[in-house]
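Visitor: I'm new to this one, so could you show me the structure and walk me through how its pieces fit together?

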Amino acid sequence: EDNIREALHFQPQHISAYSLTVEEKTTFGRWASQGKFRTMDDDQAATQWQTLIEMLTPEGYLQYEVSNFCRPGFISIHNSNYWNDRKYLGIGPSAHSYNGVSRQSNASNNHFYTDKIRNGDVSAAVEILSRVDKINEYLLTSLRTSWGVDLTKLRNELGLDLALDQEKYLSGLKTNGLATIHEGRFVLTSKGKLLADRIASDLFVLPE
């Protein structure tokens with residue numbers, strides 16, 4: 001709460017608040033395995049997230065994505081490009097690119113990358129996205145946002161009628177106050193966003 005109050009003191013137009021992920025081969029990961037660092041359990045994280053919302057909302061911040069808040073008119077253009085399935089070009093070591101058909105990740109080693117550039121080459125791994133990949137990624141990202149899943153886009157562009165195929169599951173989400181469907185958009189409630197990744201996983205399409 002003190003940290004949030006301190007942030008609000010500066011009246012920023014945008015606030016991103018991500019949960020800490022402790023990776024195994026990091027200082028925190030090693031400390032956790034040695035008992036020097038206590039990781040936070042899901043219930044604690046959920047309580048802090050709810051506190052964040054309760055403190056930012058009265059100050060005029062809109063929660064337009066699970067971890068992102070902004071004053072009206074200041075939604076992050078950069079972040080929104082990812083969530084809205086827009087194309088982007090990554091330049092430099094470790095940079096990622098997306099063109100709607102494939103993903104490309106550049107080599108991470110600086111010397112290796114620059115040597116390749118000098119030789120007129122780009123060292124990158126390319127992943128061609130299947131229809132199933134595109135569907136599942138769209139579900140995963142859009143369910144985190146305040147605008148949710150565009151059911152018409154999903155049906156017309158990717159050939160999945162989610163409202164029909166998952167009618168029983170979606171109905172259960174609505175009954176339990178986890179989601180709404182209005183004007184062709186499937187949107188998670190604040191309560192539902194606590195389970196956004198789980199719900200997305202439940203809706204994922206299996207490989208063909």
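Guide: Let's settle two words before we look: helices (H or I, at least four residues) and strands (E, at least two) are DSSP runs numbered from the N terminus, and two strands pair if DSSP finds at least two bridges between them. This is a predicted model, in which local features need pLDDT of at least 70, side-chain atom pairs count only at pLDDT 80 or more, and totals for chains, interfaces and linings use all residues. Residues are numbered from 1 along each chain as its sequence is written, and side-chain values use heavy atoms, with hydrogens and water left out.

Visitor: OK, what do E2 and E3 form?

Guide: Strands E2 and E3 make a hairpin, with 2 residues between them. E2 covers residues 62-65 and E3 covers residues 68-70, and the two run antiparallel, joined by 3 bridges. Within that pairing, Leu-62 has Cys-70 in E3 as its bridge partner.

Visitor: And which strands form the sheet with them, in what order?

Guide: The open sheet has 3 strands in the order E1-E3-E2, with antiparallel pairing. Its edge strands are E1 (14-16) and E2, each of which pairs on one side only, and from one strand to the next the twist averages 25° (angles run from 0 to 180 degrees between N-to-C directions, along axes that are lines fitted to C-alpha atoms, for helices over the stretch in contact).

Visitor: How many bridges hold E1 and E3?

Guide: E1 and E3 pair in the antiparallel sense over 3 bridges. His-14 has Cys-70 in E3 as its bridge partner, and Cys-70 is likewise the partner of Leu-62. Helix H3 packs on this sheet, where it touches E1, E2 and E3 (contact means heavy atoms within 4.5 Å), and the direction of H3 makes about 5° with that of E3.

Visitor: Sticking with H3, at what angle does it cross H1?

Guide: The axes of H1 (residues 2-9) and H3 (residues 42-56) cross at roughly 35°, and they come within 10 Å of each other.

Visitor: Which residues meet there?

Guide: From H1 there are Ile-4, Arg-5 and Leu-8, and they meet Leu-52, Met-55 and Leu-56 of H3. Sorted by class, this contact between H1 and H3 has 5 nonpolar residues, 1 charged residue and no polar ones; here Ala, Val, Leu, Ile, Met, Phe, Trp, Tyr, Cys and Pro count as nonpolar, Asp, Glu, Lys and Arg as charged, and the others, Gly among them, as polar.

Visitor: Changing topic, what's the strand order in the sheet with E7, E8 and E9?

Guide: That sheet is open and has 3 strands in the order E7-E9-E8, with antiparallel pairing. Strands E7 (149-150) and E8 (179-182) stand at its edges, and because each has a single partner strand, one side of each is left without a neighbour in the sheet.

Visitor: What joins E7 to E9?

Guide: E7 is joined by 2 bridges to E9, which covers residues 185-188, and these two strands run antiparallel. One residue pair to look for is Val-149 and Phe-186, where Phe-186 is the bridge partner in E9.

Visitor: Which helix lies across E8 and E9?

Guide: That is helix H9, residues 167-175, which lies across E8 and E9 and runs at about 115° to E8. For the other sheet, the helix to look at is H3, which touches E1, E2 and E3.
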